[in-house]
Each structure stands twice: as C-alpha cells, then as structure tokens.
Amino acid sequence: MTDVSPARPGGAMVEFDGVGLRYGPDAEILSDISFNLQPGSFYFLTGASGAGKTSLLKMLYLAQRPSRGIVRLFGEDLVAMPRHRLPGFRRRIGVVFQDFRLIPHLSARDNIALPLRIAGVSEEDLSGPVGEMLSWIGLGDRADARPATLSGGEQQRVAIARAVIARPQLLVADEPTGNVDPEMAMRLLGLFEALNRLGTTVVVATHDIHLISRIENAQMMRLERGRLSDPTGALRYPPANRA
Amino acid sequence: MIIPRVPVQHRRLLPDRRLSGPTPWVIAILMMLTLLAAAAGVGLARSANAIGAAIAGRVTVQIVTANPVTRAEQAAALRRAAAAQPFVLSARSVEPEELQATLGQWFGAAEGDDPVLKSLPLPALVDIDFVGEDRTGPMRQLQALVAREAPGARIIPHAEWLGPVARLIRSLAWIAGGMVLLMTLASAAVVIMTARAALATHFPTIEMLHMIGATDRQITRLFQRRIAIDTAYGIALGTVVAAAILLLIGWQWSGVTAGLAATASFGPAGWALLLALPLLAIALAALTARQTLLAALKKIL
C-alpha cells in the first residue's frame, strides 16, 4: 500500500477542503474533511459502520452538499454551483451501491443503457456499446433478464456496467461487495481494477480488509467518527491550501 | 406542450399502469359535474337575461268590468288608443281562448274547454310594450290613457311579479358558476395529489435518474406525460357522460314550451364554453402536474 501522494497544484480531480456535514441542528457527522484525489488513482475509503463513509461518498457523487467547506470537482466549486448545472457533472461520475439499485421492471440491457439514453444517445449508437458491456461483464446471454431473475453477483455486474457505460471520469462504489460472496467480490474488484487501468479514478468504500490488500497501488483513507485519520502514520492528505 | 413528447425508450422507465388507480375515474366524475353545472349556469343565465329583456318594458292592463260586453269594448278601445301612442312599441289584446288555455293547464284541462273554467269571469288583458328603457314617463301617460278608455282597470308591470323570479334565476346561475370554479379547484387538487403520489411511488427510480445525470425537465416530462394522458382519459369519459345527460335533458326539455322553460337555452357562446371546458381542463391538469413535479424535484438535490 503506497501513501497518498501530495496534490499537484491544479492537478487534483477532487478537492475537499475543511468540509463538514451535519443534518439539521445535530452535531456534525463529518468534520474537517480535507483530501485530494488524483486522476487515474484507486482509493479505498475505510471505517467502521457509522463512521460517515456513505455521507462522504454522497458528497462525492453530488447527492449531498456540505454544510461547510469547499468541494471542487473537475476544477469547479460545487458548493455554490446552481442546481441546473449539476446533471452535467453527474454524467461524469459513475456510482455503484451495495444494494445494486437496478430499476426492477427494466431488463439488464435497458438498465445498462439508461445513462446513455439520458444523455441523449440514439438507439443506433448505443446498441454497440451496450452489447460490448454485456459481454464484458459476462451477461451477453442474459440481456433481456429482469433483475429479479439475476443473482446478486449478476445484478452487481449489471450495476457496475451501468455505472461505467458512459465512461465516467470518477467511479464511486459504496460497499459494492457487501451483498455478494467472496469469490464474486474478487471478480468485481477485478472489474474495478480494469477500469482504473483504463484511466478511471476509483473510490471504493469498504470495511473488508481482504479487498484492500488486493490492489497493489491503491491508496487508503480511513474515517473514524466523522474525521479522516491516518492509522499507519504514512497517509498524507494535504488540504487544498497546503502544498 | 400539454402532453410532452417523451422518447419511447424513456417511457419504459415508468411501469405501464394507464387507467389504474382512482385518478381517471375521479377526474371523470368531476368533469361530468363541472359540465353539468356549467350547462345549468349558462341556461339559467340566458333564461334570466331573456326574462329581464321581456319584462323590462312590458305591462299588462287588467280590465275587470263586470259586464263582459263592456269589458271587451274597453279592451279593444284601449288597445287601439295605446297602439297609436308614440311611447308604445306594441299593444296586444290577450284573446279569451288564449287565457283559458293558459289557465286550463292549472285546472287540468289543457285545451281550456273545461265548463267550470269557461264559466269563470275572466278579466280582459291588454299587453303593452313601451319604447325605450325609461318607464316613468310612459307609465304616467298610460295611466291617463287607461283612466280615459277603461276606468277602474289595473296596470300590472311585469317586473313586479317576474322580477324576483329573474333575480332568483340569476342567483342560481351565479351559484352554478361558483360550483364550476370549486370543481375546477378540486380537479387541480386531485392532479396535485396524483403527481405527489407518483413521485413518492417512483422515488427510487427518480433518485437513480438524478444520479446518472437526468435533468429535472427530463423527469418532469416523463411524469407529466403519464398524468396528462390519464387525466385526458378521465376528462373524455366525464365529457361523454355529461353530453349524454345533456342530450337526454334537452330532448325532454324540448317538449316543455310554456313560460320560463322556453327561455332556457345555450346559444352559440354557451355551446362554445361547454366545448372549450374539457380542453381547458386538460391544459390545466398538465400545467398543474408540471408545476407540482418541478416544485417537488427542487427539494431533491
């Protein structure tokens, strides 16, 4: 496991600086979160249940605005960004969930094609990429199957395919192996690794220590009670205003 | 656009449940009641206007002289004298047969040939219409004329005994208009509840669509189309039922030719309003759905 490299000025894909998050008048669930994510890197976000991993990821895939601090994505300040501009940024981010969140009445093919259809790609232009994606995840012969007829591993592969079909620059996965067996978990991790080799920045939230050790050049961020910590003493996460 | 265009592949994002649930049926009932109330309002308003126009400058002179021959002579003399006056538009003697036929409906003898009715001493009536809207001056002149030609006769302005009827009919027309407005508001409320229920039911799908970059406009068009179609089906059904009821009433009404019933009709403007109401209802439903959806989506980041 290598250290998180210091941010190159202006080179980070994601920048969190002094970010805090609270829901209502209660205490902050995330405090003083500062880190940079470099393009093309692979990150594991770890921490015990309730540490705030999902909340941090929500801010990464723009489902939640921070209560304070600065969040920059692809070089733009997201905190003050008008709402109507957010869809354009979301199309550059792929998200994978522990519970898959496939649309139940759509086939595997239609679930995978959804991001392209939302982006306005014509049916003729998307049929090729969707077919290739189905083959890549090994479900070419299950294209018309509904999620209810797929196993957990198959559903998660469809969810990953949907998350990456539009070639996002950032892939965020929240406990993607939580509902699959260990063998399938390794296969899914292999998919993430393959995407990372193609240039996608990957952030995987997990508490499975066995996964973390399988990716050679992955970096780790650990959350403890809403704060980023450095358990090994080797993790450096420079905030945006420090070199 | 009332029913927005949505690509076929996007329509599959919502399960196909057209005409399921109570919304189209509730809308159908409300549309039917709205049209019936509007028809009643238009008919009553036109009736009130017709009565008002008819009674505005009309009086009836009632000659009650005991001797029937003298009574008839006085009526004829009054009619001739009145017709020659510049302030009189028309003067008409009500024939005894016409009076007996009118009263006969109340005595159970439609042709007025009941012997009891024929034996009753009926007054001689002369209907006089004034020129213009001013009644004060013409009334004074008529009183002088009547005193000369038919002493003891009574002058009865129609506005005295039909005026309250006209005011009642006009009030009923206003009430019908108020009911149309209330039912329109109720229909809008049904659409709002339907839109919110649809958003709640499909929230996971909406959340996913947001996450993969769908805009509020894309999501709104999807739901707006479905709600507009369901509402249009309900409006069409309610319109058909209301039309059938109105045709039935109209067919039976055509047999009633006496008195006030004959003044109730729709006229071109009334028909135009009744035909426009369903189209306006569809437009209102689509607009309401769109605004409700956009407002709800704004609360979701």
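In this predicted model, β4(A) and β5(A) run antiparallel and are joined by 2 bridges. One of the pairs across them puts L73(A) opposite its bridge partner E76(A) in β5(A). The hairpin made by these strands has 2 residues between them, and here F74(A) takes a positive phi near 50°.

Both strands belong to an open sheet of 4 strands in chain A, ordered β2-β1-β4-β5, with antiparallel pairing. The edges are taken by β2 (30-37) and β5 (76-77) of chain A; each has a single partner strand, so one side of each is left without a neighbour in the sheet. Further in, β1 (residues 14-21) and β4 (residues 68-73) of chain A pair in the antiparallel sense over 5 bridges. Along that pairing, E15(A) stands opposite R72(A) of β4(A), and F16(A) has V71(A) as its bridge partner. In a regular strand, side chains alternate between the two faces of the sheet. Helix α1 (residues 53-60) of chain A lies across β1, β2 and β4 of chain A, and runs at about 130° to β1(A).

Chain A has another open sheet, this one of 6 strands in the order β6-β7-β8-β3-β9-β10, and its pairing is mixed. Here the edge strands are β6 (93-97) and β10 (227-229) of chain A, each with a single partner strand, so one side of each is left without a neighbour in the sheet. From one strand to the next, the twist averages 20°. Parallel pairing turns up between β7 (residues 170-174) and β8 (residues 201-205) of chain A, which share 5 bridges; L171(A) stands opposite V202(A) of β8(A). As for helices on this sheet, α5(A) packs against it by touching β6 and β7 of chain A, with its direction at about 165° to that of β6(A). Helix α1(A) turns up here as well: it lies across β3 (42-47), β7, β8 and β9 (219-224) of chain A, running at about 155° to β7(A). So α1(A) lies across strands of the 4-strand sheet and across strands of the 6-strand sheet.

Two packed helices are described by the angle between their axes and the distance between the axes. Take α3 (residues 108-118) and α5 (residues 152-164) of chain A, which pack at an angle of about 25° with their axes 7 Å apart. That angle makes α3(A) roughly parallel to α5(A), and the crossing of the two is right-handed. From α3(A), the contact draws on A108(A), N111(A), I112(A), L114(A) and P115(A), which meet V158(A), A161(A) and R162(A) in α5(A). By class, the residues of this contact come to 6 nonpolar, 1 polar and 1 charged.

α5(A) also meets α6 (residues 182-197) of chain A: the two axes come within 10 Å and cross at roughly 10°, which makes α5(A) roughly parallel to α6(A). On the α5(A) side the contact is made by G153(A), Q156(A), I160(A) and V164(A), and on the α6(A) side by M184(A), L188(A), L191(A) and L195(A). Of these residues, 6 are nonpolar and 2 polar, with no charged residues.

In chain B, helix α7 (residues 158-201) packs with helix α10 (residues 267-298) at an angle of about 40°, their axes 9 Å apart. These helices are therefore oblique to each other, and α7(B) passes α10(B) in a right-handed crossing. α7(B) brings S187(B), A188(B), V191(B), I192(B), A195(B), R196(B) and L199(B) to the contact, while α10(B) brings A281(B), L284(B), A285(B), T288(B), A289(B), T292(B), L293(B) and A296(B). That divides into 11 nonpolar, 3 polar and 1 charged residues.

Where the chains meet, 16 residues of chain B are in contact with 19 residues of chain A. On the chain B side, α1 (8-11) and α8 (203-211) each supply at least two residues, and α8(B) gives the largest share, 5 residues. The classes on this side of chain B are 9 nonpolar, 6 polar and 1 charged.

As for confidence, chain A averages a pLDDT of 85, and 90% of its residues score at least 70. Over residues 1-9 of chain A the pLDDT is below 50, and this stretch has 17 contacts in the model beyond near neighbours in sequence. Residues 232-243 of chain A also have a pLDDT below 50, with 24 contacts beyond near neighbours in sequence. Where pLDDT is low, the predicted coordinates should not be read in detail.

Conventions:
Residues are numbered from 1 along each chain as its sequence is written. Chains are lettered from A and ligands numbered from 1 in the order in which they are written. This is a predicted model: local features need pLDDT of at least 70, side-chain atom pairs count only at pLDDT 80 or more; totals for chains, interfaces and linings use all residues. Two residues are in contact if their C-beta atoms, placed from the backbone, lie within 7 Å. Ala, Val, Leu, Ile, Met, Phe, Trp, Tyr, Cys and Pro count as nonpolar, Asp, Glu, Lys and Arg as charged, and the others, Gly among them, as polar. Axes are lines fitted to C-alpha atoms, for helices over the stretch in contact, and angles run from 0 to 180 degrees between N-to-C directions. Angles under 35 degrees count as roughly parallel, over 145 as roughly antiparallel, 65 to 115 as roughly perpendicular and the rest as oblique. A crossing is left-handed if the near helix is turned anticlockwise from the far one by less than a right angle, and right-handed if clockwise. pLDDT is the predictor's confidence in each residue, from 0 to 100. Two strands pair if DSSP finds at least two bridges between them.
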